Amino acid sequence: MASMLPLLLALFSLLSAALALQSDLAGVADWHKALIGVPHLTPSPPTFVPLDGAHATIMITEEDMLAVLNGNGSLRWRQEVPDVLSYKVHNDAVVVLSGTLGTNTRLYDLESGRLRWEVTTGDASAKLDWRLPEGTRGMGSDIAFHDEHVFILSEARRITKIKLSDGTSPWGWEFPGDGSTNLFKQIVVNGDELNVLGVLSSLSVPTLTHLTFNAERIMPISEMSHVPAGLGDPTNGYLLAPRGEYRQPGLRGCWAEESRYRCTDLYSDGTVNERIKDHIAGTGRRYERMIDVGLREHGFMLGLLKSGAVLVVEVGDGGHVVAEFDRSRQHRNGMPVHSGAYHDGVFTFTRVYYNHDDKAWKMQMISVRDGNVEQTEEAVPLDARHGIPRSCASAPDGSLFLATSTRALQLSRAGEVLFTREEALADIAGVHFVELGEPETEEALGLMAHESFVARLTRHIGMLGRLPAYVQHFVQRLSSTADIAGQTPPLSKDRLHRDQFGLQKLIVAVTNGGKVYGLDSANGGVLWSRNLGFFDQKGPELAVYGTWATRALGDRGNPQIAVLAVRTRGGKQVTMGYTVDAFTGDVAGEKEGGHDVPVGKGLFAGAPRAAFLTKYIHCCTGNTIVGVVDDKDTLHLFPKCKKVQREIEVAPFFYTVLDRELEGTSLRGYTPGEAEEGITFPGVQLWSRPFPVQEVLDVSPLHPSPVASFGRALGDKAVLYKYLNPHLLVVTSVSPFSATGHVYVVDSTTGASVHEVDIPHVVGKHVRAAMVENWLVYAWLESPTSAGAGGWRIASVELYERGAQSAGRSSLAPPPTIEAVTQSFVLGTDVAALTFTTSKYGVATKDVLYITDAGQVAHLPRRLLDPRRPTSKPTKAEQEEMLVPYDPVLPLSAQHIISHIYPAKGLRAIAASPALLESTTLVLAYGLDLFGSRALQPSGNFDILGTGFAKTSLLLTLAALGAGVAVAAPAVRRKQLSAKWF
Ligand SMILES: *[C@@H]1O[C@H](CO)[C@@H](O)[C@H](O)[C@H]1NC(C)=O
């Protein structure tokens, strides 16, 4: 047999080369999904804007984006606005306020998103010392337009007039004194006057104030007047400008007080009509509050009654109810959201609510034109998996835009959904690449399930007929150059199998709120999505704690993902476990009655302290079991398994828990104690390791990777043995008082440090680390010192065992002496997250992948990070090892940016997964946007043929070798047989 081995090996290597992909097809396969996140609802909810004769939607989001969506849901443009607060559209531009108190004003071109100017007004660090109801946004800032100018109210005390065309600021005015008792909250332009409504806090209850300015010169033209109003809290109280017939004498100040709403006339000479007009909703009906739907400048607001009824109220000569939303009085009809719009002389008021009788979402619209009121109602096509509406916007043609509790954005018209954007993808907690099956098996399984013998025979004979065509196709595929171009057609529910090279996988992405997606790794397309819990108007009931891939594709069925989440329902917290089928999104177990939401498995009350994947396999399902530690240090298994309980009793394991307590943070090692009722285990503490006066940033296990070699061959033929210990944890922390960063490599079985680094002059919490095999890489931001200018640094450490060699050693044996080889470098960019490329067999070089703060995904070749790069002239041995001479600065060129052309934003995490091709790593970076690539080749394309490769001669060689094997095999067998006789 031995004599045949080289021949077989040669054959094998040629075959695998022939199956490989051509290099000119690689490197083009990446994608980017630009997301915007969840819209802010106050003080500026999403609205429609006419663009190119269609309805575009504009919004600001919790991810600090100002964005415009086209009518088909595509992103027209987005701009990052840090601390974005509110916006207002004016003709072809949009004015945006940002900063806590609106101290920054920007003007963007509505069509293109181009920034025309930016002005800072006042002190960005100023704070309001007012107690405001939770969730109040935008208090003390406002926007009002006047001809060629915009007025900005900021800091609750400063008024600035800015020229729209160029951002020059001709006038400004500031409330005299410290202003701590008077808070300006709204401004309205009325003719040539600018009116300001404020709240005065010096009295026992806040009351309203009013001040009129000359709009030209921003000079007060009156004394500040006081409105005797009992507000309750400062968010109550509005400044309204009635329209047309009610224009005299000008403005009204309105507020809700004692179940009624009250208005008074405000005069520009600084006086207030002493006669306050009460508006009572009617016999036995009382106001709960007023709802501002953005039509205050036209004198309209909505009034919500205690009964739930919603009225359209016009403030004219007193209050005047224009209309009441039909059925809004019925308690059973719940969860309403409201909006208002003005277009071409028509005011529209929209209410979207759930109609329990019809079990459907309805849109009610009240239109007011010249005193004529019309009311319509129609069904809203909102799929239950998108949760419930949190905000709506409507256009006169009946287009309805909804932002929902599951972070979906949807546009519909006349019962038809025009687009749905899944913005929950901007909130991913964890992702898993899932390997797909072979196409043949899948199809064959489906066929064989119901096929009679005769049918199978006929099919086989039929297939035999196709054999020559198949052989011809096979040869063609290998010998032609352009045939494999259609590598990865998009996955679909019916086509869930892998391509020839495993370049396409399914990505299961789990969001923080418990929404799960199946994504196509080749294009980011959504194959399925599932809600693990309910979402109400305030948000999700689940908070995802962790996710693990617990089963790969195999005899037991589809791959599975375990999700652990804390559910808060009725004020009670329960830790829940879910098992999700990666191919379909189906969740094991029952569904909540009448809903497509799984019941899940309740594990214990309260939140987990730690959770991790164990090495045990569940006896029935074949899923790897997740260990979960509750706050009483009890270990739970998910799913539970009697057999595994016995296995644990016989051969226990170790796990760690990070304790963040007031006295300080400690890492503790545990082993399960004797099993208790219900298959739980008390934790038996083995060791504890405090991190005194440090803030622990992260504890992470080794990056998973198959070990292809146990040592590193040197140029002089000597071997350095890698320190390989699967139980290592990497702990990063900072000592805030000494600005020192720390990186510890800890053996989780003993708590002992295998390696420790102290990093001086660290800025804030900027320390990141990752480790694979024996290679630790950490990056930090250094403050400027006398020695240097500061900036990001990256260090590379390899741990070797001195002298002895050992491929496998008990983790309980005394630790070997460890030698660390370290080198550090200056890095030109920030490091937001750090990981390694990975390959199927661990043979291909492991490079570092990281995210820069500019949102790019960058790639650092291992060659450059090699800690053994010679600092002096390379010796002969070092040359032989092909080491690059040391240079303290790592060059980062365009070719290292793998997200190259894409304007990716907000990437925070990065995941890598091997393809079937050893050379290729699949990458997904997520955060706000998603970026995916399937063409990262750390070691170059060593297993990929160039286009110039002479495939025909390769085929001929293969044929010849194959014939050789066929001839030689019987002879070898005879020889071996005879050898056995002696
Ligand atoms: C969506 O609409 C915009 C402009 O209205 C257009 O440029 C874009 O190509 C459209 N996208 C798709 C996928 O139809």
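Author: Ala, Val, Leu, Ile, Met, Phe, Trp, Tyr, Cys and Pro count as nonpolar, Asp, Glu, Lys and Arg as charged, and the others, Gly among them, as polar. The model discussed here is predicted.

Reader: Which residues surround the ligand, and what makes them nonpolar, polar or charged?

Author: The ligand is surrounded by D52, A54, N70, G71, N72 and S74. A residue belongs to these surroundings if its C-beta atom, placed from the backbone, lies within 6 Å of the ligand. Ala counts as nonpolar and Asp as charged, whereas Gly is placed among the polar residues. The shell therefore divides into 1 nonpolar, 4 polar and 1 charged residue.

Reader: How do you know which strands are the edge strands in the sheet that contains β2, β3, β4 and β5?

Author: The order of this open sheet of 4 strands is β2-β3-β4-β5, with antiparallel pairing. β2 (47-51) and β5 (75-80) each pair on one side only, and these are the edge strands. From one strand to the next, the twist averages 20°.

Reader: What makes β4 and β5 paired strands?

Author: Pairing requires at least two bridges between the strands. Strand β4 (residues 65-69) and β5 are joined by 5 bridges and run antiparallel, so they satisfy that requirement. Opposite V68 stands W77 in β5.

Reader: Why is one side of β41 and of β44 left without a neighbour in the sheet?

Author: These strands belong to an open sheet of 4 strands in the order β41-β42-β43-β44, where the pairing is antiparallel. β41 (542-551) and β44 (601-605) are at the edges and have a single partner strand each, so one side of each lacks a neighbour in the sheet. The twist in this sheet averages 25° from one strand to the next.

Reader: How many bridges pair β41 with β42?

Author: There are 8 bridges between β41 and strand β42 (residues 560-569), in the antiparallel sense. Since at least two are required, the two strands therefore count as paired. V544 stands opposite A565 in β42.

Reader: Which elements of the chain have the lowest and the highest mean pLDDT?

Author: Helix α1 (residues 5-18) has the lowest mean, 41, and β4 the highest, 97. For the chain, the average pLDDT is 84, and 87% of the residues score at least 70.

Reader: Where does the pLDDT stay under 50?

Author: One such stretch is residues 1-27, for which the model has 47 contacts beyond four places in sequence. Residues 442-446 also have a pLDDT below 50, and this stretch has 2 contacts in the model beyond near neighbours in sequence.

Terms used
Residues numbered from 1 in each chain as written. Predicted model: local features only at pLDDT ≥ 70, side-chain atom pairs only at ≥ 80, totals over all residues. Axes fitted to C-alpha atoms, helices over the stretch in contact; angles between N-to-C directions. pLDDT = per-residue confidence, 0-100. Contact = placed C-beta atoms within 7 Å.
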